[in-house]
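Q: Could you go through this structure with me?
A: Gladly, and we can take one topic at a time.

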Amino acid sequence: MFGTESSLSMFLNTLTPKFYVALTGTSSLISGLILIFEWWYFRKYGTSFIEQVSVSHLRPLLGGVDSSSPSNSNTSNGDADSNRQSVSECKVWRNPLNLFRGAEYNRYTWVTGREPLTYYDMNLSAQDHQTFFTCDSDHLRPADAIMQKAWRERNPQARISAAHEALELEDCATAYILLAEEEATTIMEAERLFKQALKAGEGCYRRSQQLQHHGTQYEAQHRRDTNVLVYIKRRLAMCSRKLGRTREAVKMMRDLMKEFPLLSMFNIHENLLESLLELQNYADVQAVLAKYDDISLPKSATICYTAALLKARAVSDKFSPEAASRRGLSTAEMNAVEAIHRAVEFNPHVPKYLLEMKSLILPPEHILKRGDSEAIAYAFFHLQHWKRVEGALNLLHCTWEGTFRMIPYPLEKGHLFYPYPICTETADRELLPMFHEVSVYPKKELPFFILFTAGLCSFTAMLALLTHQFPELMGVFAKAFLSTLFAPLNFIMEKVESILPSSLWHQLTRI
């Protein structure tokens with residue numbers, strides 16, 4: 001024992017100041033490299049590399065329980081197959097409740113001087129128009145050929161001029177659509193143009209319907225005419241809703257859904273839900289939800305939060321957090337809270353807009369499901385419906401944050417839905433205007449290991465600097481530190497020597 005201590009003391013005495021400079025400099029460099037790598041990995045993937053390795057690889061080896069067991073991974077939205085897909089794939093959808101450019105978006109620009117739509121959003125709309133309103137046979141009809149070029153124009157005035165040029169040749173439904181969307185400055189004017197478009201569109205639809213089986217060219221033309229007709233009728237229903245004729249709008253939407261049941265790409269049922277909520281016809285709202293809140297259909301904020309609103313409506317007028325904490329939640333209250341948790345997990349950005357903790361802006365023409373853009377689009381039209389139900393916002397305020405305690409850790413595993421995609425922030429920044437502060441979830445708070453490596457790097461860098469400036473003093477400090485560090489061990493060894501016989505200790509040291 002004394003030989004080991006003397007050799008250690010001799011080793012410490014032989015170390016030169018250069019050794020301490022090299023040691024602290026190397027440790028500072030290594031900790032700095034670890035910090036840089038951890039920060040890069042966190043910025044790219046939203047989690048700490050060391051933390052992920054410890055949770056994903058070391059924890060199972062040490063006998064940890066994986067929270068992604070089948071009992072905790074119920075995918076109530078029927079999108080279980082999405083678990084196998086990369087969460088970095090974020091699909092952008094057409095906003096079912098998008099506003100009119102001329103009558104609403106442009107009016108906002110005139111009043112505020114701000115552009116409510118981004119170039120990326122408008123470019124996606126241009127692609128949609130080319131997909132829905134054009135086909136390969138457009139060159140056979142001069143007006144359609146002009147409109148095919150008009151949809152590709154970036155300049156709004158050039159598009160409007162092309163639409164007028166097409167109308168000089170014949171009654172062109174798509175030309176009326178463009179003028180109603182972009183030139184009309186009021187909803188009444190837009191409705192008038194859409195009625196003219198409906199008359200022209202119905203004629204084209206009937207003609208193409210008779211010829212659709214005569215070849216692929218006619219079939220494509222009929223598909224285009226069908227899209228045009230559905231679009232016109234849907235926008236006419238939206239005009240009726242905006243002009244206060246809500247019952248008429250509901251009838252038009254129901255008729256359209258019966259006539260074209262397979263065209264679900266327009267999500268007309270979301271327009272119908274909003275109109276039925278305006279009429280406070282909650283029984284019909286529940287009937288629509290029963291049809292579209294199905295396990296085989298994709299969810300949306302409108303579906304999830306409307307279901308939560310109906311559940312909250314049954315208990316919100318008498319709900320009190322103090323009383324609930326004393327007696328516990330009733331079955332109806334528990335169902336309402338679970339529905340709110342389900343909705344918040346699907347889109348965690350919505351509550352701040354409904355509770356007016358964050359200001360609303362005009363919704364974009366495209367939305368990202370589960371993203372901030374979808375939250376804005378939902379809250380813009382549905383905030384009034386939540387306010388109309390007494391106590392609904394109070395119940396939401398008391399319960400929505402509890403959702404995040406229920407989601408398993410790490411967040412990538414999800415709970416009721418497939419894992420929350422990490423690409424939503426990037427896509428929302430493309431869809432939403434610059435003056436809007438994009439809501440981000442989950443909050444990218446710095447993990448412990450990044451803070452630890454940052455502190456370690458700073459500490460070792462300071463030691464390296466002090467050792468370089470004061471090598472003699474730091475050498476004395478290092479020796480004193482090591483002596484203090486080994487003092488408890490020396491004390492224990494001395495106690496062991498005093499207890500054990502010297503002969504036994506001699507045999508142990510020989511072994």
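Q: Which elements of the chain have the lowest and the highest mean pLDDT?
A: This is a predicted model, where local features need pLDDT of at least 70 and side-chain atom pairs count only at pLDDT 80 or more, while totals for chains, interfaces and linings use all residues. Helix H1 (residues 2–14) has the lowest mean pLDDT, 55, and helix H18 (residues 372–388) the highest, 94; pLDDT is the predictor's confidence in each residue, from 0 to 100, and helices are DSSP runs of H or I with at least four residues. Residues are numbered from 1 along each chain as its sequence is written, and side-chain values use heavy atoms, leaving out hydrogens and water.

Q: Where is the pLDDT below 50?
A: That is the case over residues 64–88, a stretch that has 40 contacts in the model beyond near neighbours in sequence, a contact being heavy atoms within 4.5 Å. Where pLDDT is low, the predicted coordinates should not be read in detail.

Q: New topic: is Glu115 buried or exposed?
A: Glu115 counts as exposed because its relative accessibility is 51%, with exposed meaning over 50%, buried under 20% and partly exposed in between (1.4 Å probe, protein chains only).

Q: And where is Glu115 found?
A: Glu115 lies in the loop between helix H4 (101–112) and helix H5 (119–133).

Q: What does Glu115 touch?
A: Not counting residues up to four places away in sequence, Glu115 touches Thr109, Pro433 and Phe435. Glu115 and Phe435 are 320 residues apart along the chain, with 9.3 Å between their C-alpha atoms.

Terms used
Helices (H or I, at least four residues) and strands (E, at least two) are DSSP runs, numbered from the N terminus.
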